[in-house]
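Have your viewer ready, with the sequence panel beside it. We will go from stop to stop, and at each one you will hear what to select and what to look for.

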Amino acid sequence: DRNSANPDGTGDRTVRFVLDHTVINGGYAGLTGDDPNARDFELYPTVLSGDLVGDDLPGFLNREHNTLVLLENDTGGTVQLGGVVLAAAGAVINLWDGEGLDLIQGIVRDNIRGIDVGDFSSAKLNDCVFSNNGEMAVEVSDYCYAEIDSCEFIGNGSLGGTAFQAYNGAADLRNSTFIGNGSPESQGGA
């Protein structure tokens, strides 16, 4: 939301990263590292944040300025993200109408909602960490499919949701860990 014309940002909560036939690989040391090509997504985080003014506080406070949706798939196909942190948004991404997302070694944290896979769409989530997402970390619905492998779900659902929920969709969930997530009786999920 910030640029040279608007150094303080515009305050437009509908602003988002639009992915158009995109492959984004983060986690590189870059020019300040001994080896710019060294890659470690935990040591060199690449953060895509929805906190437009940099004032978020724990417990989902000061979120009135955050972007409503962080990413938009504008390809009609599958976008690939690797080694990125997706944080501080109303929702990370809503996949619809056959769109796809491949997320490898990603961290999805501190969002109201995480990844919504619905309406004939698909997602492959591999070696990711989903933490402190308030309502939902991953939701699979409406004739869609998600493949989730070697992921960790930690402390999600503090705003009354769950870490993972599937209805009218299918998911292949393998080698993943769930620790300290909420799951209200009315919603089920993990």
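Start by selecting Ser-121 and Gly-98: a polar atom of the Ser-121 side chain lies 3.3 Å from the backbone nitrogen of Gly-98. Keep Ser-121 on screen and add Gly-118, whose backbone oxygen is 3.0 Å from a polar atom of that serine side chain. Please bear in mind throughout that you are looking at a predicted model.

**Around Ser-121**

Where does Ser-121 sit? Ser-121 is placed in the loop between β10 and β11. Is Ser-121 buried or exposed? Ser-121 counts as buried because its relative accessibility is 3%, and buried stands for anything under 20%. Now show the surroundings: setting aside residues up to four places away in sequence, Ser-121 touches Leu-95, Trp-96, Asp-97, Gly-98 and Glu-99, and also Tyr-143, Cys-144 and Tyr-145. For a view across the model, draw a line from the C-alpha of Ser-121 to that of Thr-177; the two are 56 residues apart along the chain and separated by 24 Å.

**One step back: Phe-120**

Select Phe-120 next, in the loop between β10 (113-117) and β11 (122-126). Phe-120 counts as exposed because its relative accessibility is 56%, and the cut-off for exposed is over 50%. Check the backbone here as well: phi of Phe-120 is near 70°, a positive value in a residue other than glycine. Most residues other than glycine have a negative phi.

**A second positive phi: Phe-60**

Go to Phe-60, in the loop between β3 (46-49) and β4. Phi of Phe-60 is near 60°, again positive in a residue that is not glycine. Is Phe-60 buried or exposed? With a relative accessible area of 13%, Phe-60 is buried.

**Into strand β13: Glu-139**

Now pick Glu-139, which belongs to strand β13 (residues 136-141). Glu-139 is buried, at a relative accessible area of 11%. Which side chain does Glu-139 meet in a polar contact? Show Arg-113: the side chains of Glu-139 and Arg-113 are joined by a polar contact of 3.0 Å. To fill in the rest of the setting, display the residues that Glu-139 touches beyond four places away in sequence: Arg-113, Ile-115, Asp-116, Val-117, Gln-165 and Tyr-167.

**Strand β6: Leu-86**

Select Leu-86 in strand β6 (residues 84-87). The relative accessibility of Leu-86 is 0%, so it counts as buried. Turn on its contacts, leaving out neighbours within four places in sequence, and you will find Leu-48, Leu-70, Leu-71, Leu-81, Val-92, Leu-103, Ile-107, Val-108, Arg-109 and Asn-111. Take Asn-111 from that group: Leu-86 and Asn-111 are 25 residues apart in sequence, with their C-alpha atoms 8.2 Å apart in space.

**Two exposed stops: Gly-76 and Asp-34**

Move to Gly-76, in the loop between β4 (71-73) and β5 (78-82). Gly-76 counts as exposed at 55% relative accessibility. Add Leu-19 to the selection: Gly-76 and Leu-19 are 57 residues apart in sequence and 10 Å apart in space, C-alpha to C-alpha.

Then choose Asp-34, found in the loop between β2 (23-25) and β3. Asp-34 is exposed, with a relative accessible area of 85%. From there, run a distance line to our earlier stop, Phe-120: Asp-34 and Phe-120 are 86 residues apart in sequence, and their C-alpha atoms are 44 Å apart.

**Zoom out**

Finally, clear the selection and color by secondary structure. How many helices and strands does the protein chain have? The count is 0 helices and 18 strands. The C-alpha atoms fill a box of roughly 45 × 35 × 30 Å along the principal axes. The radius of gyration is 16 Å, which agrees with the value near 16 Å for a compact globule of 190 residues.

Switch to a surface view and you will see about 9,200 Å² exposed by the chain, with carbon and sulfur atoms supplying 48% of that area. Of the 190 residues, 41% count as buried. Among contacts between residues at least 6 apart in sequence, 48% join residues at least 24 apart. Color by charge for a last look: the chain has 9 positive and 29 negative side chains, and the centres of the two sets lie 1 Å apart.

Technical notes:
Residues numbered from 1 in each chain as written. Predicted model: local features only at pLDDT ≥ 70, side-chain atom pairs only at ≥ 80, totals over all residues. Heavy atoms only, no water. Helix = DSSP H or I, 4+ residues; strand = E, 2+ residues; numbered from the N terminus. Buried < 20%, exposed > 50% of the residue type's maximum accessible area, 1.4 Å probe, protein only. Polar contact = N/O pair within 3.5 Å; in protein donor to acceptor, adjacent residues only side chain to side chain. Contact = heavy atoms within 4.5 Å. Rg over C-alpha atoms; globule rule 2.2 N^0.38 Å. Areas by Shrake-Rupley, 256 points an atom, 1.4 Å probe, with all protein chains shown as cover. Lys, Arg positive; Asp, Glu negative; His and termini not counted. Charge placed at Lys NZ, Arg CZ, Asp CG, Glu CD.
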